[in-house]
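Please walk me through this structure step by step, in words that a first-year student can follow. I would like to understand how its strands are arranged, where the ligand sits, and which parts of the backbone deserve a second look.

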Amino acid sequence: MSKNDLILPKDFPQLKNDTFLRAARGEETEHVPVWCMRQAGRYLPEFRESRAGKDFFETCQSPEACCELTLQPLRRFPFDAAIIFSDILVVPQAMGMDVQMVAGKGPTFPEPLKEPEDLQRLQVKVDTDKELGYVFRAITLTRHKIEGKVPLIGFSGAPWTLMSYMIEGGGSNTHSKAKRWLYQHPEASHMLLKMLTDVIVEYLLGQVAAGAQALQVFESHAGILGPAEFKEFSLPYLRDIARRVKDKLKEAGQDVPMIVFAKDAHYALEELSQSNYEVVGLDWTIDPLSARERTGGKVSLQGNMDPCALYAPKERISDIVKKMLEGFGTRGYIANLGHGVYPDMEPENIGAFVEAVHQHSKQMIKQI
Ligand SMILES: Cc1c2[nH]c(c1CCC(=O)O)Cc1[nH]c(c(CCC(=O)O)c1C)Cc1[nH]c(c(CCC(=O)O)c1C)Cc1[nH]c(c(CCC(=O)O)c1C)C2
């Protein structure tokens, strides 16, 4: 039993809507489940109000604040899942790096990794209960407060995406500093990716112990790698994470569906569908029908409406959703955007997206 189990009571309310979990496992559902990446975000006035004047990472460290922000979108829209409010960059923080959220600039590392000897600055063996216990407490609190309405998704950044932030020191267009490591320091790169993988495995297991009912791994910077580099520096670690998390959970008699979202990695769709994840998340650059063909029914699929389609009038959103559903089919499918909601989007249009998924998919399933 981990320290986490000792502090946190686990008598969670019964789950009332398991549509998302069933779809993740490829089982029949009455409608296609839907949620949105970044559904808790600045497009909601109540989110902006809750966050006003507060430091981003301090917010992440407050279980009460994370719980409130996670629940906000559920009060407005009938989403079929919630994702815990946090950030992927809490992992580099747990490994000893300073990360600040700078207004107008985004996440910033004042002292990024520059050369391989900088790896010595990192905490190799991270006590996740101690360093990331605040995320676990946020998950447990939210599982109680969500009252079994929908399942709660936990998440982590994937090793390559986190590595690129740790070397770039923040967002980047070219990721050339991080990619320089791959070509100049392949051994040190693998060492860093391995260190990150070990922490991520523990972190995801801790999230399940705390109450997460599904896990998503974000490889947001997959697209900056070519197929060969993806195969060497991303895929093995993505696979290792799912294998190790699943083996450990199995030992404990537990099982949660895992989703891999490797943005812009269309070249690796076949490999991703054979990587121990139940669900492959897709960005909008992949055609639904061809995604189905290329993954050969081995996995459930999640995605992939262009987030910018939310700028369209509601009737047009409904048509786009209908086409998307026809492409993916209604079985083994979780509707989502191809990336996160942007801050300037109309909450009403998110509502129209959710409603269109439910309405069209109910009709399509009835006709089968
Ligand atoms: C709402 C938010 C988050 N992070 C950031 C913001 C905006 C800042 C604010 O509100 O003050 C900064 C924040 N955090 C990050 C960025 C991107 C920085 C960049 O590369 O330029 C920003 C602006 C880094 C980050 N953070 C995350 C990713 C992976 C997903 C993706 O590809 O977008 C990435 C890449 C994950 C993340 N981050 C967040 C969630 C919450 C839950 C939800 O989706 O509703 C999640 C899942 C929350």
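Two strands are said to pair if DSSP finds at least two bridges between them, and this is the idea to hold on to while reading about the strands below. The model shown here is a predicted one. With that in mind, we can begin at one edge of the sheet, where Ile83 has Ile153 in β4 as its bridge partner. The strands β1 and β4 run parallel and are joined by two bridges.

This pairing belongs to a wider arrangement, an open sheet of seven strands that follow one another in the order β1-β4-β5-β6-β7-β8-β9, with parallel pairing. The edge strands of this sheet are β1, made of residues 82-83, and β9, made of residues 333-337, and each of them pairs on one side only.

Moving inward from β1, the next strand to consider is β4, which spans residues 152-157 and runs parallel to β5, with five bridges joining the two. Two of the residue pairs can be followed in the picture: Ile153 stands opposite Ala214 in β5, while Gly154 has Leu215 in β5 as its bridge partner. Is β4 enclosed by the rest of the structure or open to the outside? Six of the six residues of β4 are buried, so the strand is largely enclosed by the rest of the structure. Its residues point in two directions, with Leu152, Gly154 and Ser156 on one side and Ile153, Phe155 and Gly157 on the other, and all of these are buried.

Strand β5, which covers residues 214-219, is mostly covered too, since six of its six residues are buried. From this strand Ala214, Gln216 and Phe218 point one way, whereas Leu215, Val217 and Glu219 point the other way, and all of them are buried. On leaving β4 behind, we find that β5 also pairs with β6, the strand of residues 258-262, in the parallel sense and over five bridges. Here Leu215 stands opposite Met258 in β6. The strand β6 is in turn joined by three bridges to β7, which consists of residues 279-281, and these two strands run parallel. In this pairing Ile259 has Val279 in β7 as its bridge partner.

We can now turn from the sheet to the open spaces of the model. The largest pocket has a volume of about 1,400 Å³. Its lining is made up of 43 residues, and those that lie nearest its centre are Arg38, Arg42, Phe56, Asp87 and Pro107. By residue type, the lining divides into 22 nonpolar, 13 polar and eight charged residues. At least two residues of this lining come from each of α3 (45-51), β2 (100-102) and β3 (106-108), and the largest share, three residues, is supplied by α3.

The ligand can be described in a similar way, through the residues around it. It is surrounded by 22 residues, of which Arg38, Arg51, Tyr165, Ser220 and His339 are the closest. A polar backbone atom of Arg38 is 2.7 Å from an oxygen atom of the ligand, and a polar side-chain atom of Arg51 lies 2.6 Å from a ligand oxygen atom. A nitrogen atom of the ligand takes part as well, for an N or O atom in the side chain of Asp87 is 2.8 Å away from it.

Lastly, some places in the backbone are worth a careful look. Most residues other than glycine have a negative phi, and most peptide bonds are trans. Against this background, Glu147 has a positive phi of about 55° although it is not a glycine, and it is found in the loop between α8 (133-145) and β4. His175, another residue other than glycine, has a positive phi near 55°, and its place is the loop between α9 (159-168) and α10 (176-184). Does His175 count as buried or exposed? Because its relative accessibility is 5%, His175 counts as buried. The peptide bond that joins Gly303 and Asn304 is cis, with an omega of about -15°, and Asn304 itself lies in strand β8, which runs over residues 300-305.

Note on methods: Residues are numbered from 1 along each chain as its sequence is written. This is a predicted model: local features need pLDDT of at least 70, side-chain atom pairs count only at pLDDT 80 or more; totals for chains, interfaces and linings use all residues. Side-chain values use heavy atoms; hydrogens and water are left out. On a 1 Å grid over the protein atoms alone, a cavity is a set of points where a 1.4 Å probe fits but cannot get out, and a pocket is an open set with protein on both sides within 12 Å along at least five of seven lines; lining residues have an atom within 4 Å of a point. Grid points are joined across faces, edges and corners, and a volume is the space filled by probe spheres set on the points. Helices (H or I, at least four residues) and strands (E, at least two) are DSSP runs, numbered from the N terminus. Ala, Val, Leu, Ile, Met, Phe, Trp, Tyr, Cys and Pro count as nonpolar, Asp, Glu, Lys and Arg as charged, and the others, Gly among them, as polar. Buried means under 20% relative accessible area, exposed over 50%, partly exposed in between (1.4 Å probe, protein chains only). A residue is near a molecule or strand if one of its heavy atoms lies within 4 Å of it. A polar contact is a pair of N or O atoms within 3.5 Å; within protein, one must be able to donate a hydrogen and the other to accept it, and residues adjacent in sequence count only if both atoms are side-chain atoms.
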